[in-house]
Amino acid sequence: MSAAASESRPWPVVLMIALGAWLAAAPLALMIFLVLGPVMRGGPGPYVIGVLLLVGAVALLRRPGLPLFVEQLAVPGLLVGGLCLGYVLFRDTSRLTGAALLALLALGIAAAVARPWLRVLLGAAAAALAWLAVDAAVPDLGPWQGRPWHDGSTVYGLVAAWALALAVQRRVRADWATLIEDSGAGWLLGALVLLGLSASDKYVFTSGLALSGGMQPWVSAVTATVGALWAAHAWPGLRRAWLLPVALVLIGLAALMPALGAAIFVLAVLACSHRWRLAAAAAVVAAWIVGSFYFQFQWPLAQKALGLAGAGLLLGGLAAWQMRSSMWAPAGTREKFGLRPAVFIAGALLTLLVANDAIWQKEQLIAEGQPVFVALAPADPRSLMQGDYMRLRFALPETVSAPLLGWDNARRPHLTAQLDARRVATLLRLYDAAGPLADGEFLLELTPKDGRWILVTDAWFFKEGEAARFAAARFGEFRVLPDGRALLVGVVDQNLQPIRP
């Protein structure tokens, strides 16, 4: 079956054939490395092997009517050849030179191989390598000197290169335009992934993008403005007065979230050019960036909540007003969808009910729970303070080592604890539901977090500038109910005196 013919085949069939080819190629690649191991360790051997593998794979992929199985066998050849060249280039040249040459090589292979899916992958690889090359060119932001995605301006450069390629695409012949379309899609996807990582304080780093690499919020706001103007120019239906506040809200959010401006710009260009799959990816990244705004610690939590709530209310109000406007909907539309406002109101009330029920439960726990103090253990030997919160760790018994997924009971595990005269708890052991509690013992419920068990929470948040005050914390203050449910209500010093802001 040829690659051309396979395009009409169901994708599960193509996927199964590809998996079979990769399984057949894995032992072959292993044998090559075992046989040629001494050659690979030094000298020009890796250059020769890498070039031979790449040339052979490209030659196979350029053949017309190539069976799909053989095509998939050539792909590992590309990967192994690229890894060989990457190894020696980074060994024998600078990081900047190695990454730049590999990026150009990926784009050259994409030009030589007329496989759209492969061009997408090569474009993504070229974007990642270009990003490494630019970051390596700046000593303070090099990829081997800390976290390489700190510099948001590098990702903005990748987006700008993609936009420039789109502008060139209209002025070149058809085969080059196809190359730009396919490899540009991969390049953009790679840039979007990096853009999402640059905003992911929760999972990647502890300092905000606005504070790193000289990336300024106004750059994001200007980029979002360019995207809004482009959308209004290319899509006449967006030239409506009521959409101006929507654009202003998005530009304002982009000023608060430096990664968001590029996502808005990309989304506008993709939507106006009807590249809907890529536009969906850009929308997901934009939503991810907005969600990660909570973890931008240079902003107080109250201000972040107020800003997002205000933006949401304004956008929701505009949407509700426009739904009732006859200049957007044809005659009879309001009657047809007359229940929508009621549905929105019911949804809002339900959300408020759920939120207030959770608040009420916490208030009841604070009012009815017994005060208990649990000693803190150091969470980080270098510093307990990071931003506007304190990492907490409580000295749990050694028996609390069962993996999160290995717990067989449907209910959460509990600790057995005992109080002294000061109401300081000694954590004894995991509670065995089959046995009774001894006199003076009580239960503390454990909480799952990141694949492990913790005692209620592992963080305590406070206002910026209060780190020195909370550094004196030695115990966590809890309110505990008889069934083991607990809530952390504060931290206290060694004399059990509350530490207040």
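At what angle do helix 9 and helix 13 pack, and how far apart are their axes? Helix 9 (residues 174-198) and helix 13 (residues 276-292) pack at about 10°, with axes 9 Å apart. Axes are lines fitted to C-alpha atoms over the stretch in contact, and angles run from 0 to 180 degrees between N-to-C directions. The two helices are therefore roughly parallel (angles under 35 degrees).

This is a predicted model, in which local features need pLDDT of at least 70 and side-chain atom pairs count only at pLDDT 80 or more, while totals for chains, interfaces and linings use all residues. Residues are numbered from 1 along each chain as its sequence is written, and side-chain values use heavy atoms, with hydrogens and water left out.

Leu195 and Gly196 are among the helix 9 residues in the contact, and Trp288 and Ile289 are among those of helix 13 (contact: heavy atoms within 4.5 Å).

The largest nonpolar core has 60 residues, and Leu195 and Ile289 are among those with the most contacts inside it. Such a core is a set of buried Ala, Val, Leu, Ile, Met, Phe, Trp, Tyr and Cys residues joined through side-chain atoms within 4.5 Å (buried: under 20% relative accessible area, 1.4 Å probe, protein chains only). A second, separate core of 24 residues includes Leu427 and Ile499.

Strand 5 (residues 424-430) has these pairings (pairing: at least two DSSP bridges). Helices (H or I, at least four residues) and strands (E, at least two) are DSSP runs, numbered from the N terminus.

| Partner of strand 5 | Sense | Bridges |
|---|---|---|
| Strand 1 (residues 370-375) | parallel | two bridges |
| Strand 4 (residues 414-419) | antiparallel | five bridges |

Phe373 stands opposite Val424, and Leu415 has Leu430 as its bridge partner. Strands 4 and 5 form a hairpin with four residues between them, where Arg423 in the turn has a positive phi of about 70°.

Notes:
Buried means under 20% relative accessible area, exposed over 50%, partly exposed in between (1.4 Å probe, protein chains only). Angles under 35 degrees count as roughly parallel, over 145 as roughly antiparallel, 65 to 115 as roughly perpendicular and the rest as oblique.
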